[in-house]
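Colleague: I'm new to this one, so could you walk me through it? Let's have it on screen.

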Amino acid sequence: MKQKINIRLSMIALIAIVTTTIGITLVYYNLFQGQVRRDLKQNAVLLVETEIFQNAYANGKESAENLEHLSEGNLRITWIDADGTVLYDNDTDISGLSNHLNRPEIQMAFEKGEGESTRRSDTMNMNTFYYALLLNNGTVLRVSTQARNIISVLVTALPVIAIIIVLVLLGCVLIGHFLTRQLMRPMEEMAEHLDDNNQIPAYKELEPFVDKIRSQHENILAAAKSRQDFTANVSHELKTPITAISGYAELIENHLIDKEVETHIAGQIRHNADRLLSLVNDIIKLSELDHKEIPRKFEQMDLLEVTRECVNEYMPMAAQRNITLTISGISAGIIADRSLIREMIDNLIQNGIRYNKENGSLFLHVTIEDGHPMLSVKDTGIGIPANQLDRVFERFYRVDKSRSRETGGTGLGLAIVKHIVEIHSAEVSIESVVDQGSNIIIRF
Ligand code: ADP
């Protein structure tokens, strides 16, 4: 981050320096050129006002040779006859000078009375500025001077610009360093107090990011807590039947069992072993359902048909408890994992029988409502108190613990149902009245 800020700051500074330098140089060079031109014109006018050339002309063109040396400085003065012949030049021997009629400033002066032009000098970094003025005797007086061109000005400024760039870059690194520290400090503080929901992020832009991390953090904590609770519950649930089996085994080992109760004890051992088995089975099922990466075999099926298969299987169990088990409804196509759907219906039927009353009934009804296939499992059993309705889907939650255990319940059936419902993006709802019965509805 620090490096990025440094690089960006340096880039911005560099671009700013370069564009400002070029801009300022252009503006000042224009002003400077204007000044040079104005000075040239002024010099030409002054020279004309001295009437030196007019007088020399009146005395015959040859007398121009006798003109005293007019300027020692940077100013070159050239006097040109109407035919372009150079009559006088304060800088060069006129015998070596060619006809000047082709010079643009001279042509312009003959045409309009005055003319000017700029040409690059033989020396690379200089420009020559010319100004020519037509005299009333038909000759032209031209003054010229050399001045630096823009490249030369820039090259001269280069060392200073380079020093400025180095200093600014150093400044950028320093500012970058402090800026990063300043930016990072609130973030570091926030990272330390991530658990504290009252801690508001220092930067508004970070709010979604912080919210996301916080919710993930909370989810991780909740998942860890639920895993811990689950492990504690599992250990507790396993302990009871194991202790019972171990106790009975000890009695047999020490020959403390009378012949008459031997069968009863064997039955108890088998009962506890069955409980252990169903517990382990349900735990395995739940852990399989927890693994989202396990591939599901989704296929088209008829909900009514699958329900019927399950109902047929539980007919003997229902009959044993004098419970009437009926199925009704219409065909309803769903795309689902057959074994999971069977598992779900099995659990609901088991509960419907387990928590029913003597001579009670259990109705399974399949229908389609607003285009959604639905299964309702309705019993005339003991019902669930309203305040516990939303807890029955929790793992190991039982309303009536002893009844659940006696009838072979594990406390995991509805947790498995809820899981399967979620896998199929379906919904489960429960209606129940104590002593009258419950209705569990699955909506696909
Ligand atoms: P269990 O193996 O104990 O039946 P479940 O997860 O299937 O576990 O159900 C949780 C609890 O919800 C049960 O212990 C029972 O108290 C209550 N329950 C479930 N289904 C019914 C029902 N049809 N009628 C009355 N109570 C029910």
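Here are a few questions and answers about the ligand and the chain.

Modeller: First, this is a predicted model, where local features need pLDDT of at least 70, side-chain atom pairs count only at pLDDT 80 or more, and totals for chains, interfaces and linings use all residues. Residues are numbered from 1 along each chain as its sequence is written, and side-chain values use heavy atoms, with hydrogens and water left out.

Colleague: How many residues surround the ligand?

Modeller: A residue counts if one of its heavy atoms lies within 4 Å of the ligand. Tyr355, Ser404, Thr410, Gly411 and Leu414 are the closest. By class, the shell has 7 nonpolar, 8 polar (Gly among them) and 4 charged (Asp, Glu, Lys or Arg) residues. The number surrounding the ligand is 19.

Colleague: Which residue has a backbone N or O atom 2.8 Å from an oxygen atom of the ligand?

Modeller: Polar contacts here are pairs of N or O atoms within 3.5 Å. A polar side-chain atom of Asp379 sits 2.9 Å from a ligand nitrogen, and one of Ser438 lies 3.4 Å from a ligand nitrogen. The backbone contact to an oxygen atom comes from Leu414.

Colleague: What is the radius of gyration of the protein chain?

Modeller: The globule rule (2.2 Å times the number of residues to the power 0.38) gives 22 Å for 444 residues. The chain is well over that, so it is more spread out than a compact globule. Taken over C-alpha atoms, its radius of gyration is 53 Å.

Notes:
Polar contact = N/O pair within 3.5 Å; in protein donor to acceptor, adjacent residues only side chain to side chain.
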